[in-house]
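Grab a coffee and work through these exercises with the structure open beside you. Try each task before you read its solution.

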Amino acid sequence: MASEESIEVKFRLADGSDIGPNRYSPSTTVGSLKEMILSQLPKDEENGPKSINDMKLINAGKILENHKTLAESRSPVSEVPGGIITMLVVVRPPMPDRNNDTLHDGSSKQSSCPCAIL
C-alpha cells in the first residue's frame, strides 16, 4: 500500500542548519517528532526549548498540532511525490511570569526602558 510507505522529512532550524533527512512512519505523531528534535538540539543554549511545547513545527504554512500524525499533517499540494518534506522548527522564547516579572527559566526580566521623562 502506498499509504504505509515511510515519509522522508528534514527539519530546518532558525540558524539555517538541518536535522535529517530521516524516514518516519506515517503514524508518527508530531509530538514524538518534536521530542526527537529536542533530543538533538544543544542543551547549553540560553533561549533553547525546554520542552516540546516551546517549539512549533510548520509544514506548508500550517502549524502542526502535537496529537496529529504525519499522515494527517501532510500537504499533498506542496509536496513532490517521492521528495523530502522540509518542516520549519520555530522556538518560542521564554515567556515572563506576569505575577513576579521572572521568566519561566528563572532569570529576572529586564526593564523595558531605562528612560526618564522630565
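**Exercise 1: the β3 side of the sheet**

Which residue in β4 stands opposite Asn59?

Solution. Keep in mind that you're looking at a predicted model.

Step 1. Find Asn59 and look across to β4: the residue standing opposite is Lys62.

Step 2. Check how the two strands run. β3 and β4 are antiparallel, with two bridges joining them.

Step 3. Look at the turn. The hairpin of β3 and β4 has two residues between the strands, and Ala60 takes a positive phi near 55° there.

Step 4. Now go to the other neighbour of β3. Four bridges join β3 to β5, and this pair runs antiparallel. Here Leu57 stands opposite Val89 in β5.

Step 5. Sort the β3 residues by face. Met55, Leu57 and Asn59 make up the covered face, while Lys56 and Ile58 sit on the uncovered one.

**Exercise 2: lay out the whole sheet**

Work out the strand order, find the edges, and say what packs on the sheet.

Solution.

Step 1. Read off the order: β2-β1-β5-β3-β4, an open sheet of five strands with mixed pairing.

Step 2. Pick out the edges. β2 and β4 (62-63) are the edge strands, since each pairs on one side only.

Step 3. Add the helix. α1 (residues 30-40) packs on the sheet and touches β1, β2, β3 (55-59) and β5 (85-91). The direction of α1 makes about 120° with that of β3.

Step 4. Zoom in on β1 and β2. They run antiparallel and are joined by five bridges. For landmarks, Ile7 stands opposite Tyr24 in β2, and the bridge partner of Val9 in β2 is Asn22.

Step 5. Follow the connection between them. This hairpin has five residues between its strands, and Gly16 takes a positive phi near 95°.

**Exercise 3: hunt down the salt bridges**

How many salt bridges does a search of the whole structure find, and which of them join up into a network?

Solution.

Step 1. Get the count: the search finds three.

Step 2. Start with Glu8 and Arg23, whose side chains meet at 3.5 Å, N to O. Glu8 lies in strand β1 and Arg23 in strand β2 (residues 18-24), so this pair ties together parts that are 15 residues apart in sequence. Arg23 counts as exposed because its relative accessibility is 54%.

Step 3. Move on to Lys10 and Asp18, which form a salt bridge at 3.6 Å, N to O. Asp18, at 33% relative accessibility, counts as partly exposed.

Step 4. Asp18 also meets Arg12 in a salt bridge, this time at 2.4 Å, N to O. Arg12 counts as partly exposed at 30% relative accessibility.

Step 5. Put the shared partners together: Lys10, Arg12 and Asp18 form one network of salt bridges.

**Exercise 4: a closer look at Lys10**

Is Lys10 buried or exposed, and what surrounds it?

Solution.

Step 1. Place the residue: Lys10 lies in strand β1 (residues 7-12).

Step 2. Apply the cut-off. Buried means under 20% relative accessible area. Lys10 comes in at 19%, so it counts as buried.

Step 3. List the contacts, leaving out residues up to four places away in sequence. Lys10 touches Asp18, Ile19, Gly20 and Pro21, along with Ile84, Ile85, Thr86 and Met87.

**Exercise 5: find the core**

Which residues have the most contacts inside the largest nonpolar core, and which elements supply that core?

Solution.

Step 1. Recall the background: in soluble globular proteins, nonpolar side chains tend to be buried together.

Step 2. Name the hubs. The largest nonpolar core has 20 residues, and those with the most contacts inside it are Val9, Phe11, Ile37, Leu57 and Met87.

Step 3. Trace the elements: β1, β2, α1, β3 and β5 each give two or more residues to this core. The largest share, five residues, comes from α1.

Step 4. Take Met87 as a test case. Not counting residues up to four places away in sequence, its contacts include Val9, Phe11, Leu57, Leu64 and Leu70. Lys10 from the previous exercise is another residue that Met87 touches.

Terms used: Residues are numbered from 1 along each chain as its sequence is written. This is a predicted model: local features need pLDDT of at least 70, side-chain atom pairs count only at pLDDT 80 or more; totals for chains, interfaces and linings use all residues. Side-chain values use heavy atoms; hydrogens and water are left out. Buried means under 20% relative accessible area, exposed over 50%, partly exposed in between (1.4 Å probe, protein chains only). Contact means heavy atoms within 4.5 Å. A salt bridge is a side-chain nitrogen of Lys or Arg within 4 Å of a carboxyl oxygen of Asp or Glu. Two strands pair if DSSP finds at least two bridges between them. Axes are lines fitted to C-alpha atoms, for helices over the stretch in contact, and angles run from 0 to 180 degrees between N-to-C directions. A nonpolar core is a set of buried Ala, Val, Leu, Ile, Met, Phe, Trp, Tyr and Cys residues joined through side-chain atoms within 4.5 Å.
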